[in-house]
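Dear colleague,

I am writing to hand over the structure that follows. Please look through it first; my findings are set out below it.

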Amino acid sequence: MAEAEAAEAGSPPGQAEDQDQDAVGGQKIINQTFLSLSQITALSEQNVEGVQKKLEEFLNFKQLKTSLKEAILLDYYTAGFWWAKEKNFSLVQLSGFMDLLNFLLENLRDKHMTLEDNIKELGKAMAGIGETDSERSGDMDVFSIEQAKAIIDYLNSSLFKPYKLYEHLFHSPREELVISNKISIKCYSFTAKKKQLLCMVCMQESTTCTIYLH
């Protein structure tokens with residue numbers, strides 16, 4: 001991962017003011033492209049099952065039948081892409097949205113970022129939306145204000161509400177959790193499948209997960 005990205009997203013509290021100034025100044029918070037435009041184009045031409053299969057290929061997932069992490073990641077990205085496609089996002093917007101999905105998840109998984117700090121990073125990435133001043137534009141300036149509100153609502157339900165379960169999935173010191181070969185990973189219902197998989201993580205610790213199943 002680029003040093004600049006790590007410095008921006010994982011820097012100590014003393015650098016918060018500098019980061020805020022960077023965001024207001026129009027500097028990019030998201031410095032990594034998750035999927036190429038050709039990959040985004042290929043995904044946009046698929047139905048939901050095709051999107052899932054293409055992402056499985058693009059992300060090089062080889063252990064979907066036994067790896068809970070891979071299954072949840074595939075669902076996370078597939079559900080996100082399909083939601084954005086149904087919002088009639090352009091190819092450029094689809095690309096930016098997938099970059100954002102990956103950016104926030106990497107903050108959690110790789111940088112161990114807290115929920116509060118990750119929400120702040122989302123705010124920085126969204127800075128400048130609706131501004132006519134190009135110096136204030138940021139990562140998500142291809143979106144309208146209404147689209148940005150819809151994105152925030154989606155992220156709240158798909159990532160922020162079950163945040164502690166994602167933290168457990170990626171940061172648990174235990175051996176990697178597995179799922180049975182008998183469990184289908186096809187995303188016939190993204191929400192139901194994600195709830196099922198996340199609840200399996202929860203049950204490993206005998207933790208109540210009903211609050212995440214709204």
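I begin with F160 and Y163, both of which are buried. Please bear in mind throughout that the model is predicted.

Aromatic pairs

Across the whole structure, a search finds 11 aromatic pairs. F160 and Y163 make up one of these pairs, with a tilted arrangement: the ring centres are 6.5 Å apart and the planes meet at 45 degrees. Another of the 11 pairs joins F89 to F97 in an edge-to-face arrangement, with 6.2 Å from centre to centre and 75 degrees between the planes. F89 and F97 are both buried. Ring pairs also link a cluster of residues, namely F34, Y76, Y77, Y166 and F170.

The nonpolar core

Two members of the pairs and cluster just described recur in the core. The largest nonpolar core has 49 residues, and those touching the most other members are Y77, F97, M98, L100, I151 and L159. Two or more residues of this core are given by each of α3, α4, α5, α6, α7 (115-126), α8 (145-160) and α9 (163-171). The largest share, 11 residues, is that of α5. In soluble globular proteins, nonpolar side chains tend to be buried together.

Which residues does I151 contact, once its neighbours within four places in sequence are left aside? They are W83, F89, F97, L100, M126 and F143. I151 thus touches both rings of the edge-to-face pair, F89 and F97.

The buried side of helix α3

Helix α3 spans residues 37-44, and its buried residues are I40, A42 and L43. These residues lie on the same side of α3, because the arc they cover around the axis is only 160 degrees. Among the elements that cover them are α4 (48-58), α5 (68-86) and α6 (91-109).

Salt bridges

The structure holds four salt bridges. One of them joins R109 to E106, whose closest N and O atoms are 3.8 Å apart. The two residues are three places apart in helix α6, so about one helical turn separates R109 from E106. In general, an α-helix has 3.6 residues a turn, so residues three or four places apart point the same way. Is each partner buried or exposed? R109 is partly exposed, with a relative accessible area of 25%, whereas E106 counts as buried because its relative accessibility is 8% and the cut-off is under 20%. E106 and R109 also belong to a network of salt bridges that includes D110.

In helix α7, the side chains of E121 and K124 meet in a salt bridge at 3.1 Å, N to O. E121 and K124 are three residues apart, so they too are separated by about one helical turn. Both E121 and K124 are buried.

A further salt bridge, in helix α8, forms between E146 and K149, with 3.7 Å between the closest N and O atoms. Here again a spacing of three residues means that about one helical turn lies between E146 and K149. E146 is exposed, at 54% relative accessible area, while K149 is partly exposed, at 47%.

With kind regards

How values were computed:
Residues are numbered from 1 along each chain as its sequence is written. This is a predicted model: local features need pLDDT of at least 70, side-chain atom pairs count only at pLDDT 80 or more; totals for chains, interfaces and linings use all residues. Side-chain values use heavy atoms; hydrogens and water are left out. Buried means under 20% relative accessible area, exposed over 50%, partly exposed in between (1.4 Å probe, protein chains only). Helices (H or I, at least four residues) and strands (E, at least two) are DSSP runs, numbered from the N terminus. The arc is that of the directions from the helix axis to the C-beta atoms. Contact means heavy atoms within 4.5 Å. A nonpolar core is a set of buried Ala, Val, Leu, Ile, Met, Phe, Trp, Tyr and Cys residues joined through side-chain atoms within 4.5 Å. Rings of Phe, Tyr and Trp (its six-membered ring) pair if their centres lie within 6.5 Å; planes under 30 degrees apart count as stacked, over 60 as edge-to-face and the rest as tilted.
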